Amino acid sequence: MLCCSVNFLFLCFFLQNNTPESIQPISMQTFTSMMNEILNPSTPKSTVSSIFKTLIHSLLHSPESHHSQILKLIADLSSHHPSLAQLALDSLQSMLPQLTDPPSQLTIEYLDALVNISERPVEVDDSLFTSICLAASFPVRLWMVRNSGCRVMVRPELLYPVLMGMTKEPYPCLREEALEALVRLGECAVFEEVSLVKGCYERGVQLLSDNEDCVRISAVRVLYVFQVALWGLMLASFNVDTKTYWSNEVFAMLCSVVRDMNMKVRVEVFNGLGKMEIVSKELLMQSLSKRVLVLDQSPTEQFVLLASNVAGALVHGVEDEFFEVRKSVCQSLRTLTVLSVEFAHAALNLLMDVLNDYKVEVRFQALETMHHMAINHCLELQENYMHKFLDVLEDNSSEVRFSARKIVRLMKLRNHLLFKSTMDVLLKNLDSYPQDEADIFSVLSHLGRNHKQFVDLIANEIADEVEASFEGNREFNSARMAALLVLSISAPFLNADVCPIPPVIFSFAATFLSRICCAFSDVMNRDTLLEYLIQKSSSMVQPEVNISNGEGQNPLAKDDVQNVAGNEMIHSEITINNGEGQLPLSKYNVQNVALEMKPPNDVGQHKRPVHDSVVLTYINYILVKLPNIWPKVQSCSANEVLCSLRHWKEELTSLTFDSSAPADASAFALLYLKIIKLVVEVWDHLVRKTEVVSGTVELEDKLEKLDGRAKELMNRFIGFSAEEEISVLELILLTYTLRLCRSEICSRNFIFKRMTIIYLRTESFLKLRSDVASGFVAELGSLIRESSNGGASCSSLAFDNCLKLFSPKRLMIREGIRHRRAELSIPNNCPDYPLPFAPGLTASIPCDITIHNISSNCRAWVRMCINDGFTQHVYLDLQSFEVSGEVRKISYAVPYYRTPELDSFNLKVCIGLESLFENVTPVQAHGGPKCELVLLCEEKIVYLSRVL
Amino acid sequence: MAIETLVLGAGQEVGKSCVVVNINGKRIMFDCGMHMGVSDHRRYPNFSLISPTGDFDTALSCIIITHLYCINTLFLRFHYFLIIKISHSLILYSYIFFFGIICDSHLDHLGALVYFTEVCGFHGPIYMTYPTKALAPLMLEDYRKVLVERRGEEEQFNSDHIAECMKKVIAVDLRQTIQVDKDLQIRAYYAGHVLGAAMFHAKVGDSEMVYTGDYNMTPDRHLGAAQIDRLRLDLLITESTYGTTIRDSKYAREREFLDAVHKCVSAGGKVLIPTFGLGRAQELCILMDDYWERMNLKVPIYFSAGLTKQANVYYKMLINWTSQKIKDSYPTNNAFDFKNVCKYERSVLDTPGPCVLFASPGMISGGLSLEVFKRWAPFENTLVALPGYCLPGTVGHVLMSKPPKIELDPNTKIDVRCQVHQLAFSPHTDSKGIMDLIKFLSPKHVILVHGEKPKMVSLKEKIHSEMGIPCYHPANNETVSVPSTVYVKAQASDAFMERCLKPNFKLHKCSSQELSIKTLTDKNIVPELQVINEKAVFIVEDKSKKLKVVHNDEVLVMLGEKKTED
């Protein structure tokens, strides 16, 4: 304390006597005291500012050898007292010009201080920059190159040629820094000319054979950064061939250095390979084989040139001595496997080898890559791999086990034996790693849900074991029991009527509720699970229930679906099915009749009402979750979201139905999910502007698909409630907005027009219900009103902003939704038994057509396409159909007029409905449909063969 | 100037490595091996070609030994010593009964060293790596005993000779630069292959060359891959044992092996792995120890006595020469302190329950491995894993054809119901590895040694056609001469030096009109600024016939002066 005050007194004395007129050099002791005062938070402001003034003055008057210390103090002072920072910046900047001729170490010290004080990059003018870069002193040049483009801002037009020159410096670290600066330049994507990027790329290639390791590392980085830049530029020119050609070149160039003797170079190479966006399949396959491949078809000239460079690159990586390299290879496989399915299958072999690696990091990365492959549908674990894979489940590292189990969740096993061994391994896991219990239960529940048929096969076995244990006839292993129960109760989760699981199992499971509820946390909470269990087990306790009063059988449905019109209707509808067997008749028309038909009191038939309503509940359960996952899409966990969406989709697809109502609802939900999934897939690229892994062509495809799906959603479903209708409309508005976000699209005006129509419709609906529009709709509305001349005037940025406001509505669907669909069959026709035709004469195609939920005032057509693109439409008179409820049937010989002069040909036939919804552009003027057709069924191929 | 390479051994053959290289007047002998299959004068390299007078001390600057031995197979059969030709090399198989260990020295890189130094009388320095120096006397002594005491041959050198020779040896470490004399510099680089193997870089004046010895470009569990810097080489002399083979990933083979073993032990069976002491046993044991660790297996692994103990001691000491994996785990545990290996006692042979046993010798040619085989073979759940090639005449060889019965002698017949698994690996690099090394080093010339002639020819063609590097494959006693780099000394002017210290380009502002006239160094750059490379340097020969490097600005001045003189 004493020392401190002495310092202070000394300093005060110094400051008082050291006026600008009589400046003295600052001694070391003064520096220390100043430092103390600066660091001390309780120093009065006046002292700090006088210290500051003294420092600035002494810069002008003290010898140059002192400057670096003074500058350091100024920088410290500015960081501790930000109020003085601007002043410091201004003073230093004013002094800088005097120091630049010639630039010396001192200039750099000034610049360094400036950069340290300023929070933003410091701008340097051209002359100062060039004079420093051409300075004789090596450290001066090095400082400038190291900081240019990050802490020092220089015009890219100037920076680029200087850096290119620097890459030829004799000093390795200057070459390295110049390359790094080029990388920074490339990452900012300032280049607008292909030749600039190519020039840089070629310099990178030259320096790949540099003698210095550090230069080679940077050269590799230049290569892959510029590959991306090049790609971006070529994207604009839409030249796919050149793009592929260049990507292949870069891939081969990177592969040619995988045997570099420096580990860091190799790691960098594989990091680079992981950033490839297009590589031809042949080259990818070549990278897995050390021998040059003999291709089936004649190889391209490029392949012949590059094959030996690429040969075995990934294999070498996996065999590498350093785990960093092996890990990097596994990481790069994440992207590469997405590029080609065939390659993904072959690369799996390599990954299976990596599962034997001694390093946990590497094994973990390999599994993560496999998981990524599974999400992208390119993981196919064959039986011979399964054995190895199951071994990994017993790994002693917990990360590895968790990661392996993540893959098991997504697995679809082919046969019963594999299922059994997977189950056994998981049960064994439970013994060896009791700490993993929750995760294992959750995996078992997924396993059960994904493989109902296999669980059914062993259901009795499990039931016997569980019962024996509970009754004390066997040793009671509670973890094992809980696991078996999880597996059993998850299987009939959605498929009650085909369930051979004895109801007593559900009662047992209820006793483990708190232990097992986490296994189902992705689909239901603890209370719902309990109700599900009670309901399932109740079929044993109460075999005879009075159906007509609608109570007691279905707590789950009753609880969760508040909006369902009432149990009364559900039951009445089901009684029909019971009474009339499996006839898929519509419930609505014959509802009242059905009520009079008393169903037999039979347990087996009891389950049906439960089942159908559970389906609806389940669908709603899924739909309700959509708003919750949206924040994840907006952040960056698209993969995770996609995974859940895919899972729900699969769940919905696996449902079986006895009546049409839940089937229609499920079809609607499925389509809704598909649209959401596509939206999520394009979201990342369009809204968050991240790199697309799979390329632009696919993005375009996806948008196209999205458009088609949206149309389908509008046209193929009827009977929406107002709330449902608004949700659907909003979703459709979203798909249009997404399309408009892509500025390259030429048909903006057209899309904008269609969007306006939908918007007006939404608006009128909202007015009718006197609801408030969501933020997204409101913003879109104002945008539409503002734009006078169609969408062209709106920037894609404006649409971007709209999109950020979007989040899916909480949607609960009811029974009313009906699916307009058609079934088309052409009897007695297959490639072996073609229909006869005579060229030039009309051919008749016998069709059995059934259409659902389509009223007679709709306009339906049969569309027939031949391979050369010619399409013929035949009008279907719905009045002539045989009507039974909402189903119409007809057997009709459709004429085909334009039979070609061929021995045989194929015709693609399908049923379409004129879409009256958005009649913006008439499709065909004469003869055919007046509006766009929405297809109601899959295209059927009709085989025709000439008779004459 | 030229580099002259005289091949005394391993020219178009495998074994007896010995190459004498003359770089800028310095003669270095790389390796001094002997042929194990021949017992006459052809056993040793023809040293008279180095110096007809026998004055080796002036003729040679030094000897460099790249490594000790080739791990290879060994053969024992009822106490006979056999010399058998396997594919390309003649190998001596011996069995030292008293020590209980099998010596598998294959001294084709150092066998003739003692003879050359002590009998022929070379007194210059000998360089080898630390592990090689440590193991060399043991191996040489072993070999001498086999030769003299068992085969009854005439003694070429005695134990004292070995000791004397070892005194002349200077041990070097990896990447340590040694100044042999004023002009000659050598440096060792890691070569994989066997413990202590190294590639040697030699530099005399401006000429540089690398002699690889045997090396491996793919790491295995206990040894790493070869590592070398990018150098400016005039000559690369490389081995070419597997000049035409491309090996697939060894992971698949390892995986099958582990699967087979795991399946066997989890079914309660016993696994017998007959191996020899060095290299392969360590490799397999590390592989299995890892697997045991990862899978939490508790099945015991046994080593039969003496087999690897001595070898493991050396490995434990020389961790720095092993693979990255072992170095990584060294701070926590020495990989050669195998965690899952239990102490072997004879009683384990009859103890029920699963186990894994490493027993010597390999190929089930006698000793413990044959004894264990007799006991275990009749059981279906036993697995015999044969790591490597088995010679005809051994039980291992017969076993590969999976016969129902093996007749050892008229009185002993063994019912074979066990499963058999084969696992093969080699510590030599394959042709892709050789190509990759050449590509990385990009030397001006390549000489192939240590390989069979047809393979060398095909590899030579490949190197020439793919990389355009001239390549040679001399036979024994032939000399190849390749030109070497010579830098000419020239005086540099001050102005030139000054320019050199600055970046050698300048920014040039030019108008668009100028632009079309000027030759652009780089067309890519923005018109208003040009980078002009100032590479123009003139070399002038002044009056005293000395070379001088000047900057192009000076040339004009000098020319002007000349004009006025004229």
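How many residues does the contact take from chain A and from chain B? It takes 60 residues from chain A and 51 residues from chain B. Those counts come from a predicted model. Together the two chains bury about 4900 Å² between them. Carbon and sulfur atoms account for 52% of that area. On the chain A side, A:R259, A:M261 and A:E321 supply 17% of the area buried against chain B, more than any other three residues.

Now the polar side of this interface. There are 19 residue pairs in polar contact between chain A and chain B, counting pairs with both residues at pLDDT 80 or more. The salt bridges between the two chains number 3. In one of them, the side chain of A:D353 meets that of B:R255, with N to O at 2.6 Å. Which elements of chain A give two or more residues to the side that touches chain B? They are α7 (126-133), α9 (156-166), α11 (194-207), α17 (313-318), α18 (323-339), α19 (341-354) and α21 (383-392). The largest share, 8 residues, comes from α9(A).

One loop residue of chain A also reaches across. A:E394 sits in the loop between α21 and α22 (398-410) of chain A. Is A:E394 buried or exposed? Its relative accessible area is 17%, under the 20% cut-off, so A:E394 counts as buried. Leaving aside residues up to four places away in sequence, A:E394 touches A:V425, A:K428, A:N429, A:Y433 and B:R294. That list holds a residue of chain B, B:R294, beside four of chain A.

Next, salt bridges in the structure as a whole. A search over all chains finds 57. Take A:E180 and A:R221, whose side chains meet at 2.7 Å, N to O. This pair links distant parts of the chain. A:E180 belongs to helix α10 (residues 172-187) of chain A, and A:R221 to helix α12 (residues 213-237) of chain A. The two are 41 residues apart. A:E180 counts as buried because its relative accessibility is 16%. A:R221, with a relative accessible area of 22%, is partly exposed.

A second pair involves strands. The side chains of A:R859 and A:E914 form a salt bridge at 2.8 Å, N to O. A:R859 lies in the loop between β7 (843-852) and β8 (860-866) of chain A, while A:E914 lies in strand β12 (residues 904-914) of chain A. The pair therefore ties together parts that are 55 residues apart in sequence. Here A:R859 is partly exposed, at 28% relative accessibility. A:E914 is buried, with a relative accessible area of 7%.

A third pair joins A:R946 to A:D903, with N to O at 4.0 Å. A:R946 is in strand β14 (residues 940-946) of chain A. A:D903 is in the loop between β11 (887-896) and β12 of chain A. The bridge so connects parts 43 residues apart in sequence. A:R946 is partly exposed, with a relative accessible area of 30%. A:D903 is exposed, with 58%.

Salt bridges can also be linked into a network, as they are for A:R401, A:R405, A:R409, A:D436 and A:D439.

Turn to helix α38 of chain A, residues 748-768. What should its 21 residues span at 1.5 Å a residue? The expected span is 30 Å, and the end C-alpha atoms are 30 Å apart, which agrees. Ten positions of α38(A) deserve a look together. A:R748, A:I751, A:F752, A:R754, A:M755, A:I758, A:Y759, A:T762, A:F765 and A:L766 are buried. Why do they count as being on the same side of α38(A)? They cover an arc of only 160 degrees around the axis, which puts them there. An α-helix has 3.6 residues a turn, so residues three or four places apart point the same way. On the other side of α38(A), A:K753, A:K767 and A:L768 are exposed. After α38(A) comes A:S770, whose phi is positive, near 45 degrees.

Finally, chain B on its own. Its secondary structure comes to 15 helices and 29 strands. Of its 566 residues, 57% count as buried. Among contacts in chain B between residues at least 6 apart in sequence, 71% join residues at least 24 apart.

Conventions. Residues are numbered from 1 along each chain as its sequence is written. Chains are lettered from A and ligands numbered from 1 in the order in which they are written. This is a predicted model: local features need pLDDT of at least 70, side-chain atom pairs count only at pLDDT 80 or more; totals for chains, interfaces and linings use all residues. Side-chain values use heavy atoms; hydrogens and water are left out. Helices (H or I, at least four residues) and strands (E, at least two) are DSSP runs, numbered from the N terminus. The expected span of a helix is 1.5 Å times one less than its number of residues. Buried means under 20% relative accessible area, exposed over 50%, partly exposed in between (1.4 Å probe, protein chains only). The arc is that of the directions from the helix axis to the C-beta atoms. Contact means heavy atoms within 4.5 Å. Buried area is the accessible area (1.4 Å probe) that two parts lose on being put together, summed over both. A polar contact is a pair of N or O atoms within 3.5 Å; within protein, one must be able to donate a hydrogen and the other to accept it, and residues adjacent in sequence count only if both atoms are side-chain atoms.
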